[in-house]
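Okay, thanks for having me, everyone. I'll put the structure up and then walk you through it a piece at a time.

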Amino acid sequence: MLQRSTSLMRAQLMDAIGIFAPAVRTSPPGGGWVRAIREALSMTQAQLAIRVGVSRQVAQEFENAEAQRRITLDTLDRLAAAMGCRFVYAFVPVDGTIDSIRENQARTQAEKMMGPVSHSMAMESQAVPSSVRERQIEILMDELQSGSARNLWK
C-alpha cells in the first residue's frame, strides 16, 4: 500500500512542478530577477521602495541580496507583490523526473553492492557476462526502489 501511495504522490508532484522544467535551463539575470523585473516595468528603486514600505537604500540592499543569493523567501514574496508579480518557489529535477532521480540512485547503490562480488568472481576467473550482470543490477534496482527508502539513500 505504501508503494502505491508514494508512487501516486510522485506522479502528482511531477504534475504540479512539470511546468517549471524549462526553468532548469534558465539562468537568473546578472543583477537578479528583482532588478530585471523592476527595470522591465520602468520602475525606479525609490518607487519599488515606496510600494514595499522601505527606504530606497533598503530596496537596493534587497536587490543586492537577491543577486548574491542571500535574500529571504518572505522578502522575495513582498518584492514580487509590490511589482504586481507572484513569487514562485519550486524544486525542479535537473534531469527529468523524480522517478529518474530514484532510478539513478538505485543504479548507483546496486552497482556499489555488485562491485565486491563482481571483483571477487573476476579474480577467480568466474566473471559473469555483462548482460547477466546488468540483469542482476536491474533486479537490485527494483528491490531498492520498492523496499525501504533508507536502503535507497544510504
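Let's start with a small one: in which loop is Arg-69 found? Arg-69 sits in the loop between α4 and α5. And keep in mind that what you see on the screen is a predicted model. Arg-69 has a phi near 60°, which is a positive value in a residue other than glycine. Is Arg-69 buried or exposed? Arg-69 counts as exposed because its relative accessibility is 74%, and the cut-off for exposed is over 50%.

There's another residue with that kind of backbone angle. Ser-42 has a positive phi too, near 60°, and Ser-42 isn't a glycine either. You'll find Ser-42 in the loop between α2 and α3. Ser-42 is exposed as well, at 64% relative accessible area. And for a glycine example, look just after α5, where Gly-84 takes a positive phi of about 75°.

Let me step back to the whole chain. We've got eight helices and zero strands, so to speak an α-α-α-α-α-α-α-α run from the N terminus on. Of the 154 residues, 25% are buried. If you take contacts between residues at least 6 apart in sequence, 64% of them join residues at least 24 apart.

Now, α5, which I'd like to spend some time on. Which residues of α5 are buried? They're Thr-75, Leu-76, Leu-79, Ala-80 and Ala-82. Looking down the axis of α5, those buried residues fall within an arc of 160°, so they line one face of the helix. For anyone who wants the background, an α-helix has 3.6 residues a turn, so residues three or four places apart point the same way. On the face of α5 turned away from the buried side, you get the exposed residues Asp-74 and Ala-81. And what does the buried side pack against? The buried residues of α5 pack against α2, α3 and α4.

That leads into the core. In general, nonpolar side chains tend to be buried together in soluble globular proteins. Here, the largest nonpolar core has eleven residues: Val-34, Met-43, Leu-48, Val-52, Phe-62, Ala-65, Ile-71, Leu-76, Leu-79, Ala-82 and Met-83. The elements giving two or more residues to this core are α3 (45-52), α4 and α5. Which of them has the largest share? It's α5, with three residues. Apart from this core there's another one, of eight residues, including Ala-110, Met-141, Leu-144 and Leu-152.

If you want one residue to click on in the eleven-residue core, try Phe-62. Setting aside its neighbours within four places in sequence, Phe-62 is in contact with Val-52, Val-54, Ile-71, Thr-75 and Leu-79. Two of those names, Thr-75 and Leu-79, you just heard among the buried residues of α5.

On to the pockets. How much space lies in the largest pocket? About 1300 Å³. There are 28 residues lining this pocket, and the closest to its centre are Pro-28, Trp-33, Phe-87, Val-88 and Tyr-89. The elements that put two or more residues into the lining are α2 (33-40), α4 (56-67) and α5 (73-82). Here α5 turns up again, giving the most to the lining, with four residues. By class, the lining has 23 nonpolar, two polar and three charged residues.

Last stop: the loop between α5 and α6. Two valines there caught my eye. Val-92 is found in that loop, and Val-92 counts as partly exposed, at 23% relative accessibility. What does Val-92 touch, not counting residues up to four places away in sequence? Val-92 touches Phe-20, Ala-21 and Val-24. The C-alpha atoms of Val-92 and Ile-19 are separated by 9.4 Å, and those two residues are 73 apart along the chain.

The other valine is Val-94, in the loop between α5 and α6 (98-123). Val-94 is exposed, with a relative accessible area of 61%. Its C-alpha atom and that of Arg-25 are separated by 8.8 Å, with the two positions 69 residues apart along the chain numbering.

That's my tour, and I'm happy to go back to any of these spots on the screen.

Conventions: Residues are numbered from 1 along each chain as its sequence is written. This is a predicted model: local features need pLDDT of at least 70, side-chain atom pairs count only at pLDDT 80 or more; totals for chains, interfaces and linings use all residues. Side-chain values use heavy atoms; hydrogens and water are left out. On a 1 Å grid over the protein atoms alone, a cavity is a set of points where a 1.4 Å probe fits but cannot get out, and a pocket is an open set with protein on both sides within 12 Å along at least five of seven lines; lining residues have an atom within 4 Å of a point. Grid points are joined across faces, edges and corners, and a volume is the space filled by probe spheres set on the points. Ala, Val, Leu, Ile, Met, Phe, Trp, Tyr, Cys and Pro count as nonpolar, Asp, Glu, Lys and Arg as charged, and the others, Gly among them, as polar. Buried means under 20% relative accessible area, exposed over 50%, partly exposed in between (1.4 Å probe, protein chains only). A nonpolar core is a set of buried Ala, Val, Leu, Ile, Met, Phe, Trp, Tyr and Cys residues joined through side-chain atoms within 4.5 Å. Contact means heavy atoms within 4.5 Å. The arc is that of the directions from the helix axis to the C-beta atoms.
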